[in-house]
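User: Please take a close look at a single strand and its partners, and then at one residue elsewhere in the chain.

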Amino acid sequence: MHKQPFVLIFAVSFVSAGFVNQAVHADTKTWSSSDGFWHDDSSWSPSGVPGSGDDVIVSPYGGVDTILNFSSATGNRSANSLLISSETANTISFLQAGGSLTVSSQIVGSGFDSGSSGHGSYVLSGGSLSAEEEVIGDSYTLIPDVYGVFTQSGGTNTVTNLIISRAGSRGEYNLSGGSLLVDNEVIGIGYDVYSFGTNGIFTQSGGMHVVNGGLSIGERGFGTYTLSAGSLSANSESIGSAIAPWESGSGNFTQNGGKHTVSDTLSIGYGPNGRGSYILNEGSLSTNSESIGSTIYSNPMEGATGIFTQSGGTHTVSDILSIGLGGFGTYTLNAGSLSTKSESIGSTFYRDPMVVGGTGIFTQSGGTHTVSGILSIGIGEASTGKYDLNAGSLSAGSEHIYSGTFNQTGGTNTVNRLTLGLVGSSGIYNLSAGSLLADIEFIGQGDGSHYLPDGHGDLTQSGGMHTVRGELFIGYDGGVGTYNLSAGDLLADSEFVGSGRYFDNIGSGYFTQSGGTHTVIHDFIVGNYFGSASYYLSAGSLSVSSEFIGGGVFSSGTFIQSGGTNTVSDILSIGSGVESTGKYDLNAGSLSVGSEFIGGGPCCSASTGTFNQTGGVHTIAGLMTNNGVYNHSGGAFVVGAIDNSGTITQTGGTMTVNGNVTNTASGKIEIANSPAIFTGDVVNNGQFKTTHTTVTFSGTYTENGSYISDPSINNFTNIIIGTSGYLVGGTGDEWHITGSFENHSLQNTLWNTANAGLFFDGSGLKSLYLAGIDEGASPFGFTNNFAFGSLFLAQGAELNILDGNATPGAAMYVEQFNLAGGVSQLSSIHSDYNIYYNPALAGNAYLLGKTYALDGGGLLMAAVPEPETYAMLLAGLSVLGFAIRRREQNRKRLNRFD
C-alpha cells in the first residue's frame with residue numbers, strides 16, 4: 001500500500017484551498033479493514049476509533065475492494081478531516097446508513113500534482129453528515145484521472161462549502177432522497193491551467209437540495225446538473241462562469257422535473273468565456289432575476305454565452321430576465337410557460353469608460369410567454385436583439401424594440417404598449433403570420449426634444465392579423481416610422497402617420513400598402529400635429545371612418561394611390577389643419593368617401609389642399625367642399641354635391657355630379673377635353689369654364705359670375721343668369737336649352753356670345769328672358785347687347801319671350817335665326833319684343849329678308865333692311881293698330897308662362 005501519497009494529496013488539497021486547521025491534530029487514522037464499521041477499534045491504524053481532532057484517510061485495504069460502514073450503531077462521531085480515495089484499481093466506498101458524522105473537511109477522490117490518480121465513493125442512505133468543506137473529486141494534476149462520487153438516497157448532508165470536481169478532477173453527486181444543505185456550492189471548478197479535465201456532475205432524482213448562498217455550476221471548469229425530481233433552492237446561481245479573460249467555464253443544467261428555486265439571481269453564461277446552458281423539459285423553475293449570457297467587466301474580449309431551452313415545465317422570474325447582457329444569450333421556448341416581470345433581449349453593460357454591447361435572441365415555437373412589465377429588445381449602445389415568434393403566445397405589458405428585430409411567423413403577441421425604434425435606435429417588426437394585438441402602438445418614437453437622435457421604427461406585414469385596440473402612431477415626437485403592408489389584416493381604432501409635438505420636433509411617418517386589408521375604425525390622419533407623412537396605396541384595401549391628409553396643426557400629408565381601394569365612410573379631409581398642407585394623388589384604383597373637404601376652412605385659411613386625379617374611380621356620396629385645388633385629368637369622378645371656393649380643373653376622364661353645386665365668388669371650375677354631367681342645381685358665383693368638351697346640367701343652372709366656353713357644347717335644362725352674371729363664347733360654342741333661358745344680367749360689356757349659338761332643343765314650351773335693349777334695326781344692337789351668333793328653335797318647340805330685367809323694353813339680336821319648322825313655326829313664338837336677324841347670312845335666306853309679326857306684338861325683322869323691304873315695313877305698320885288691340889289679349893296668354 002502507498003499511504004503517503006494520499007496524505008500528501010490531502011495536505012496539498014487543503015493548503016491550496018486555505019482550509020487546513022492550524023491546530024495540532026491528535027493523530028492520523030488510516031482505515032485498515034476491507035469491510036468493517038467505523039466504530040470498530042481494530043479497523044483503524046493505529047488502533048482506536050478516530051476522534052474529533054484526528055485526520056482520517058480511507059483507502060483500499062489488502063489489495064481488494066474496500067468498504068467502510070457507518071450506521072446507527074456507530075452513533076455520533078467526528079473527525080478533523082476525512083479523505084476517501086484510492087490510487088489503485090481497487091475501489092473504496094464509504095457507506096453511511098445512520099448515525100452522525102461531523103468533520104471539518106472531507107475529500108472523496110483526490111489526486112496529486114505528481115500525476116497520481118485517485119477515486120472514491122461516499123454513499124449516504126441515512127443518518128447525518130456535517131462538514132465545513134466537502135470536495136467530491138479533487139486534483140491539481142493535468143491528468144484527469146481523479147474521480148469522486150457521492151450518492152445520497154437518504155439522511156442529511158450539511159456542508160458549509162461543497163465542491164464537486166476541483167482542479168482537473170471528476171466529481172459526481174447523486175441525490176435521490178434525503179436532504180443536502182449547503183451554504184455555498186461549486187460544481188466543476190478549475191484553477192488556471194488545471195481547468196482542463198474538471199468535470200462536476202450533479203444528478204438529482206429526489207430529495208431536497210438547499211444552497212443558502214451561491215451555487216456555481218462550471219466555474220472555470222465544466223459542470224452539469226440534472227434535476228428530474230425533488231427540490232433545489234439556492235440564494236444565487238451561476239451556470240458556466242469565468243473570471244479572467246484567459247479562463248473559461250462551462251455549465252449545463254437539465255431539468256426534467258422537480259422544483260428549482262433561486263431567491264436572488266440565476267446567471268447562465270457569466271463573465272469572460274463563460275458558457276452556460278439550461279434545458280427545462282418539465283418541472284418548475286422560479287428565480288428573482290435571471291441573466292443569460294452576461295459580462296462582468298468592460299473588456300471587449302469577453303465572450304459570455306448563455307443558452308436556455310424550454311420544452312415544458314414552468315419558468316417564473318419575479319423581477320428581470322436579461323438575455324445577452326453585454327454577452328451573447330439565447331432563449332428557445334418550445335412548450336411550457338415563461339413568466340417574468342420585465343425582460344431584456346440584447347442589452348448593454350456599462351462600466352466607465354467602456355461600453356460592452358450584448359446580443360440576445362429569443363425563439364418561441366410554442367408555449368406561453370408572459371411579461372407583466374416591459375419587454376426590451378436590443379437596448380443600449382452596440383446591442384442587438386431578436387425575437388422570433390413562430391407559435392405559442394406572448395403577452396407583455398410593454399414591448400420596446402430598440403436596436404432589435406421581432407419576427408412573427410405564427411402564434412399570438414398581445415401587448416398593452418408596443419414601441420418600435422426609440423431614441424437613437426432602429427426597431428424592426430416583421431409579421432408574416434399569426435396575430436399581433438396591441439392597446440397602443442408607436443413605430444419610430446423620439447424623446448420630445450431635438451437634442452437626441454431620432455428613433456426609427458419599421459413594421460413590415462406580409463400576413464397575419466394586426467390589431468391595435470387604441471391608437472397607432474407611425475413616426476411620433478421626432479421619430480421616423482414606416483409601415484409596409486403587403487398581405488394580411490391591419491385593424492386600428494385610430495391611426496396617426498407622422499405626429500410631432502413642437503415646431504422643431506417633427507415626426508415623420510411613411511405607410512406603403514401593396515396588398516392586404518387595412519381598417520381604421522375612427523380617425524385616420526396622415527400628417528398629424530407638427531408631423532410629415534406619406535401613404536402609398538398600390539393594392540389591397542383601406543377602409544376608415546374619417547381620413548385626414550395634413551389634418552394637424554403645422555402638418556404635411558401626402559396620399560398616393562396607384563391601385564387598390566380606399567373607402568372612407570364619413571369625411572375625407574385634405575389639408576384642413578391650421579397652417580397645414582395636404583395632397584392626394586389618385587392614379588388608379590378606387591376611392592369612395594362619404595364627404596370630402598379639400599383645403600382650409602374658416603378656421604384654417606392658411607392651409608392648402610390639393611387633389612390630383614389621373615385615373616381610377618373617385619366617388620363621393622355626399623358633399624365635396626373644395627377650398628383648395630382639384631385637378632382631374634383621367635378616370636371617373638362621381639360626386640353627390642360640390643361647394644367650391646377653390647379651383648376644380650378637369651382635363652380628362654369623366655365627371656358626374658349627382659347633386660347641387662355651389663361655386664363661390666373665389667371659386668373656379670374648368671371642364672376641358674372630357675365630358676361632365678351635373679344632375680342637380682348649379683349656382684356659380686365665380687368662374688365656370690368649359691374647353692373642347694360637352695357639359696350637361698340636368699338641374700337648374702344659376703349664373704352669378706362668369707361662364708366661359710372655349711369652344712364647347714353646353715347643355716342646360718334651365719339656366720338663370722343673375723344681374724352680375726355673364727356668358728362668354730365664340731365660334732363653335734353652343735348653349736343648348738331644353739327648358740328656359742332666363743337672362744337678368746346687367747353685364748352687357750362683359751357678355752360676349754356674338755359668335756356663339758343658342759339652341760332650344762326638344763318639343764314643348766320654352767322660355768327666353770331678354771336682357772338686351774331695343775336698338776331698332778341697327779347693327780349697333782349686336783354690340784354689348786347680349787347678342788348671339790345664332791338661335792335655333794327645334795321642331796315642335798314653342799318659345800315664350802319675356803323681359804329679363806326691370807328696365808322697360810327688350811330685344812333679341814341674333815345673326816342667324818333658324819327655325820326647324822320653317823316660317824310656319826313663327827306662330828309658336830310668343831313675344832311682345834322684337835327679334836332682329838342678319839338678312840345677309842345664307843342661313844337666313846328662307847326668311848327672304850322680310851319682317852314677320854310674332855304672337856304678342858313683337859316682330860321678327862332684319863336688322864339692316866334692304867330698300868325693297870320698305871314697302872313691307874309700311875304694310876306692317878298698317879297692321880300695327882290691329883296688333884295693339886290684340887296685345888292685351890296676348891299678355892293674358894303670356895302671363896301663364898311667367
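Analyst: What follows covers strand β53 and then residue D585. This is a predicted model, in which local features need pLDDT of at least 70, side-chain atom pairs count only at pLDDT 80 or more, and totals for chains, interfaces and linings use all residues. Residues are numbered from 1 along each chain as its sequence is written, and side-chain values use heavy atoms, with hydrogens and water left out.

Helices (H or I, at least four residues) and strands (E, at least two) are DSSP runs numbered from the N terminus. Strand β53 spans residues 834-837. In a regular strand the side chains alternate between the two faces of the sheet. In β53 both faces are covered: N834 and Y836 on one side are buried, as are I835 and Y837 on the other. Buried means under 20% relative accessible area, exposed over 50%, and partly exposed in between (1.4 Å probe, protein chains only).

Two strands pair if DSSP finds at least two bridges between them. β53 pairs in the parallel sense with strand β51 (residues 811-819) over three bridges, and I835 stands opposite M812. Three bridges also join β53 to strand β55 (residues 859-862), again running parallel; here Y837 stands opposite A862.

D585 lies in strand β30 (residues 581-598). D585 is buried, at a relative accessible area of 12%. Leaving aside neighbours within four places in sequence, D585 is in contact (heavy atoms within 4.5 Å) with F559, I560, Q561 and N612. The side chains of D585 and N612 make a polar contact at 2.9 Å. A polar contact is a pair of N or O atoms within 3.5 Å; within protein, one must be able to donate a hydrogen and the other to accept it, and residues adjacent in sequence count only if both atoms are side-chain atoms. F611 is 26 residues from D585 in sequence, and their C-alpha atoms are 6.0 Å apart.
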